[in-house]
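Visitor: I am new to this structure and should be grateful for a close look at a single part of it. Please choose one region and follow it from its surroundings to its details.

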Amino acid sequence: MAVVTKESAAAFRAQGYVVIPGVLDQALLARGRELAGAMLAADPPPPGQTGPYFLWPRFGAAGHELLTFYRDAGIGPLARGLLRAGLDVEDPDFAQLATTLPPWPHRPGGPHVDGLTGPEADGRPGTFSILAGLWLTDQSVSDQGNLYVWPGTHLRFGSYLAERGADALSRVEDMNPGPYPDIELGEAVQATGPAGSVLFAHYLLAHNIGGHDGPPGAPARQTLYYRLHASGHRDRWRTAVTDPLAEFRP
C-alpha cells in the first residue's frame, strides 16, 4: 500500500509537488480507464481534435462513480499524510478528466493558478489545498502530455500574497498572462512516473499542461484530477495562501 513517507512530505514542502508511484494497482487502473472511456464515449472530443480535451463531472447528492473510485483508491487518506496533525481531507465535489490527444507539440509559455476565473458562491477565490492527479496512462518519459511544474513557486507565490494581502489573489488583472504573478519562476520540469502514480501539487504551485509528441492515433494521455480541501480550508483560506506551509506537516 502506498504511503506518504517523511521524504515525500519534505519534497512536497520544498518543491510544491511529489509523485507517489504504485497507488493504483492493475485492477484500479483498468477500472479508471473504463470510467474514462465511458465518459469520453458519451461526450467525445470533436473529430480530428488534437491537444487538450477536458470533462468536468460534478458529483451531487447522489454521488458519482468517480467519487467512489477516489475513495476506493484511498486518495484522501494518502493525501492526509501531507497535512498537519489534526487536519483531514474533505471529499471533493467534482473531478476533471484531462486528456491530451496527440500529436500536439507544445511547450507552455508560462504557468497559471487554478480557481480564479470563477469564484465560489460566497465570492472567495476557488482556493484549495492539494491538487491530486491520478495517472491512468504512462508518463514515465517527457512529452507524453506530462504536467509542467515550476518547483518552489508555491513558496514565492505565498510571499507575494503575504506582502500584498490574500485578496490580491482575486486581482487577476495584476497576474497576466497566466494568470500567475510576476515572480521568479526558475526552470520548469515535466512531472514523470508510471501509470498508477498519483501527483500531489500545492495549490499555489505554478503549473501548466504540456505537449504530447506521439503519432496520430497514439493513446491519449489521461489523468483524473481532484481538487482537495484540508478540513476547515475555506474558513482559513487567507492564511493558507499567505503562509503556504500552514496546512502541511513539518
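Guide: The account below takes the largest pocket as its subject and then follows the strands that line it.

This is a predicted model, in which local features need pLDDT of at least 70 and side-chain atom pairs count only at pLDDT 80 or more, while totals for chains, interfaces and linings use all residues. Residues are numbered from 1 along each chain as its sequence is written, and side-chain values use heavy atoms, with hydrogens and water left out.

The largest pocket has a volume of about 700 Å³. A pocket here is an open set of points on a 1 Å grid over the protein atoms alone, with protein on both sides within 12 Å along at least five of seven lines, and a lining residue has an atom within 4 Å of a point. The points are joined across faces, edges and corners, and the volume is the space filled by probe spheres set on them. In this pocket 33 residues form the lining, and those nearest the centre are Trp-56, Phe-94, Asp-114, Gly-115 and Arg-227. Strand 3 (96-101), strand 8 and strand 9 (221-228) are the elements that each give two or more residues to this lining. Strands are DSSP runs of E with at least two residues, numbered from the N terminus. By class, 14 lining residues are nonpolar, 10 are polar and 9 are charged. In this division Ala, Val, Leu, Ile, Met, Phe, Trp, Tyr, Cys and Pro are nonpolar, Asp, Glu, Lys and Arg are charged, and the others, Gly among them, are polar.

Strand 9 deserves particular attention. It is mostly covered, with 8 of its 8 residues buried; buried means under 20% relative accessible area, exposed over 50%, and partly exposed in between, for a 1.4 Å probe and protein chains only. In a regular strand the side chains alternate between the two faces of the sheet. From strand 9, Arg-221, Thr-223, Tyr-225 and Arg-227 point one way, and Gln-222, Leu-224, Tyr-226 and Leu-228 point the other way. Arg-227 has already appeared among the residues nearest the centre of the pocket.

Strand 9 also has partner strands, where pairing requires that DSSP finds at least two bridges between two strands. Strand 3 runs antiparallel to strand 9 and is joined to it by 5 bridges, and Gln-96 stands opposite Tyr-225. Strand 4 (residues 130-135) is likewise antiparallel to strand 9, with 6 bridges between them. In that pairing Leu-134 faces Leu-224, standing opposite it in strand 9.

Strand 8, which also contributes to the pocket lining, leads to another sheet. There, 3 strands form an open sheet in the order 6-5-8 with antiparallel pairing. Strand 6 (189-190) and strand 8 (206-209) each have a single partner strand and stand at the edges, so one side of each is left without a neighbour in the sheet. Strand 5 (residues 147-150) is joined to strand 6 by 2 bridges in the antiparallel sense, and Val-149 stands opposite Val-189.

Strand 6 also holds Gln-190, which is buried, with a relative accessible area of 18%. Although Gln-190 and Val-149 are 41 residues apart along the chain, their C-alpha atoms are separated by 6.3 Å.

Definitions and conventions: Helices (H or I, at least four residues) and strands (E, at least two) are DSSP runs, numbered from the N terminus. On a 1 Å grid over the protein atoms alone, a cavity is a set of points where a 1.4 Å probe fits but cannot get out, and a pocket is an open set with protein on both sides within 12 Å along at least five of seven lines; lining residues have an atom within 4 Å of a point.
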